[in-house]
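Biologist: Before we talk, please put the model on the screen. I would like to ask how some of the labels were assigned.

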Amino acid sequence: MPEPILFVVDDDAATLQSLAEVLERRFGADYRILTDASPASALARIGEACERSEKVALVVADVWTAGTSPDWFVRARELCPGVGRCVLVGWADARAYPIIRRALALGQAETYLLKPWGHPEERLYPVVSEMLASWARTALPQPAILRIVGERWSPRFVELRDLAARNSVASEFLAHDSAEGQRLLRDLGHRGRLPAVIFGDQVLSDPTNAEIAEMLGGHIEPDGGLYDLVIVGAGPAGLSAAVYGASDGLRTLVIESKAPGGQAGTTSMIRNYLGFPRGISGADLALRAQEQANALGAEFLIMREVTSLALQGDEWSVALTGNTAVRARAVLVATGVTYNRLEVDGLDALVGKGVFYGPATMEAPALAGQEVFLVGAGNSAGQAAVHLARYAATVTLLARGASLGSSMSDYLVKQIGRTDNIRIRFNTALVRVHGQNHLEALEVRDKAKETTDRLRASALFVLIGAGPHTAWLAKMVQHDAQGYVLTGPNVIRDARAEPSWPLSRAPFPLETSLPGVFAAGDVRHRATRRVSAAVADGAIAVRSIWDYLNQE
Ligand SMILES: Cc1cc2nc3c(=O)[nH]c(=O)nc-3n(C[C@H](O)[C@H](O)[C@H](O)COP(=O)(O)OP(=O)(O)OC[C@H]3O[C@@H](n4cnc5c(N)ncnc54)[C@H](O)[C@@H]3O)c2cc1C
C-alpha cells in the first residue's frame, strides 16, 4: 500500500510550490505530498485515491481558491471519511475569518493555517503534525488489546465501547451472534454471562470496570496510608486540583469511575479554552492534564467508583466499590454532571458536527444566517433560544408538550414571544437526524397532527436537563433542590434541618457543609459550566484546602 496522501490546494502557484516543499521536507518520508491548483480537479483526484483504497490523511486548501468553500471541505470528507481538513488563510484577511469560524463551529473543517507561515517549525509543522496524529489515531489500524463479545445493543456493551474509546484501549467488539463472535466464544470454551471480555488468554464474564482495569494491569488499589487530599472525579475540575494539589506538596489521590476528562473528554473539540486557538480535543486535554498531575506526584485510580464518605475521628474515610476505603485529611468532590442524552437515530454520530449537548453559547456567532433547532422546553432551552436568535436566521424550539408555561419561566416565555425569528413546534418529537459528516436535516413528528416533516438544519442543541453525580453524598451534604452541592457563602450556617454547618468559623471558599469536604466544577450549585471554570475551581479549592489543613 502506498504512503498516505497529504493534499495541498491553492491557485497561487508560488504558495502551492513553497507549501509543498516545506511539507515534503518534514513529512515526505511518511506521506506523499500531492498538489493541485484547481479545487475541482483536486476533489476528483482525492475521490479516485479513496476509491482505490489509498489513504488520504489531510487536505490543506486555500479559503479563496475558486471553488473551495465549506462545501468543498464537506465533499472531501464525503469522498474520504476521516480525512483531516485544514483551511489556508492569509493572516490579515479579515473577510475570511467569519467563514472559517462557521466552518469550524459546524464541523466542516478541523483547523486552519495562516499564510505566510514564517518559520515552519513555529506554527506550520505543529498544526500539521497534530492533524496527522489525530488522523492516525483513528485511521491507522491498531492491534486490539481487548476483545469484547456481547449483545450488540445491550447497554453494558455500548458502555464498554465508550469506556474503551475514552481510555484509549484499542478494542475489538464482536456481536455474540456473529460468526466470529461465536467462534471466539467456542474456542475459549466460554459459556458464562455476556459480555465476555478477553485479554490474552484471560476471559472475564460480565466484569465490573475495576475488574477490567485490574486485568489490564492498571493501578486500581491505592498505595494506602493517609492522603492529604482525595479527589473524587477526574474531569477538568478534578484534574486541575490534582495538578495544583500535587505541585503544592499535598499527598494527592484521584479516583475516577470512568475515564479522565469527564464530560470534556467526550467532546471532539474544545474551542474556547484559553491558549488553544485551533481548539483541542477533550481526550487530548485530559491526557495532558493527567500526565502533568502524574509527573507532579498525584496518584490515580481509574475505573474505580466512590460510593460513600464517613467521618472517622478527624479523618475522612472514602469508600470505593470493591470494599476498599481510603483515608483522607480533606476530600474534593469533583463529580460533575451528566446531560440527559436523547436516543434518536443518527444523533450520536453528529455530536460536535452540528449537534450539541448543552447551551454551547460560543457556537452562536458562527451560526449567523443559519437554521437552528433546539430540543427542550426548560429555562436553559429558553435562554439558549433567545441568545441564538441574535445570530441565526431562525431558531425553532421543538417541545414535546402543548405549551411552555409549565416548564419555562414566564419572563422567558414572553421574551420568546417577542422575538420574531424564534418559532415553536409544540407536541413535537425529534425522530431522526440526517447528515453524513455534519448535520443536514431533521425529521420531526407532530403528535397532534400525526405528521412527519423533514426540515433543513445547520445546528441542533439538545437541552433536556442535566443532573449532578451526588447520589452517594446527597444525604450528608447541603445541596439545592436539583442536588447541586452548596459551597462557601451559600452553605446555610444555622440550618433548621440536618445537615447544618457545625463550626463557629465560616466555611472556606468552595467548602461544603461538611468541614474538610470541598466541591469544585459543575457539581456545585450555580456553577458556570465551562472547562475553564471547572479548572479555576480546582485551583481555588486547593488553595482553600491548604488553608483548611494549615489552620491554627
Ligand atoms: C458534549 C459536551 C461538550 C462540551 N464542550 C465544551 C466546550 O467546548 N467548552 C467548554 O468550556 N465546556 C464544554 N462542555 C462543558 C464542560 O465539559 C464541563 O463544564 C466540564 O467538563 C465540567 O468539569 P467537571 O470536572 O466539573 O465535571 P465532569 O467533566 O462532569 O467530570 C466529572 C467526573 O467525575 C466522575 N465521577 C462521577 N461520579 C463519580 C464517583 N462516584 N466516583 C468516581 N468518579 C466519579 C465522572 O466519571 C467524570 O469523569 C461540554 C460538555 C459536554 C457534555
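**Labels and their cut-offs**

Modeller: Asparagine 323 counts as exposed, at 81% relative accessibility. This is a predicted model, in which local features need pLDDT of at least 70 and side-chain atom pairs pLDDT 80 or more, while totals for chains, interfaces and linings use all residues. Residues are numbered from 1 along each chain as its sequence is written, and side-chain values use heavy atoms, without hydrogens and water.

Biologist: Why is asparagine 323 called exposed?

Modeller: Exposed means over 50% relative accessible area, buried under 20%, and partly exposed in between, with a 1.4 Å probe and protein chains only. Asparagine 323 has 81%, so the label is exposed.

Biologist: What makes the phi of asparagine 323 worth listing?

Modeller: Phi of asparagine 323 is positive, about 55°, although the residue is not a glycine. Most residues other than glycine have a negative phi. Glutamate 450 is also listed, with a positive phi near 55°, and is exposed at 58%.

Biologist: Why is cysteine 86 called buried?

Modeller: Its relative accessibility is 1%, which is under 20%, so cysteine 86 counts as buried.

Biologist: Why is cysteine 86 not given a disulfide bond?

Modeller: A disulfide is a pair of cysteine sulfur atoms within 2.5 Å. The closest cysteine sulfur to that of cysteine 86 is in cysteine 80, 16 Å away, so the distance is too far for a bond.

Biologist: How do you know that cysteine 50 and cysteine 80 are joined?

Modeller: The S to S distance is 1.7 Å, and the cut-off is 2.5 Å, so the pair is a disulfide. The structure holds one disulfide. With 115° about the S-S bond, the link of cysteine 50 and cysteine 80 is right-handed. Both cysteine 50 and cysteine 80 are buried.

Biologist: What makes the pair of glutamate 256 and the ligand a polar contact?

Modeller: A polar contact is a pair of N or O atoms within 3.5 Å; within protein, one must be able to donate a hydrogen and the other to accept it, and residues adjacent in sequence count only if both atoms are side-chain atoms. A polar side-chain atom of glutamate 256 lies 2.7 Å from an oxygen atom of the ligand, so the pair qualifies. For glutamine 263, a side-chain N or O atom is 2.8 Å from a ligand oxygen atom.

Biologist: Which peptide bond before proline 116 is called cis?

Modeller: The bond from lysine 115 to proline 116, with omega near 0°. Leucine 194 and proline 195 are likewise joined by a cis bond, with omega about 0°.
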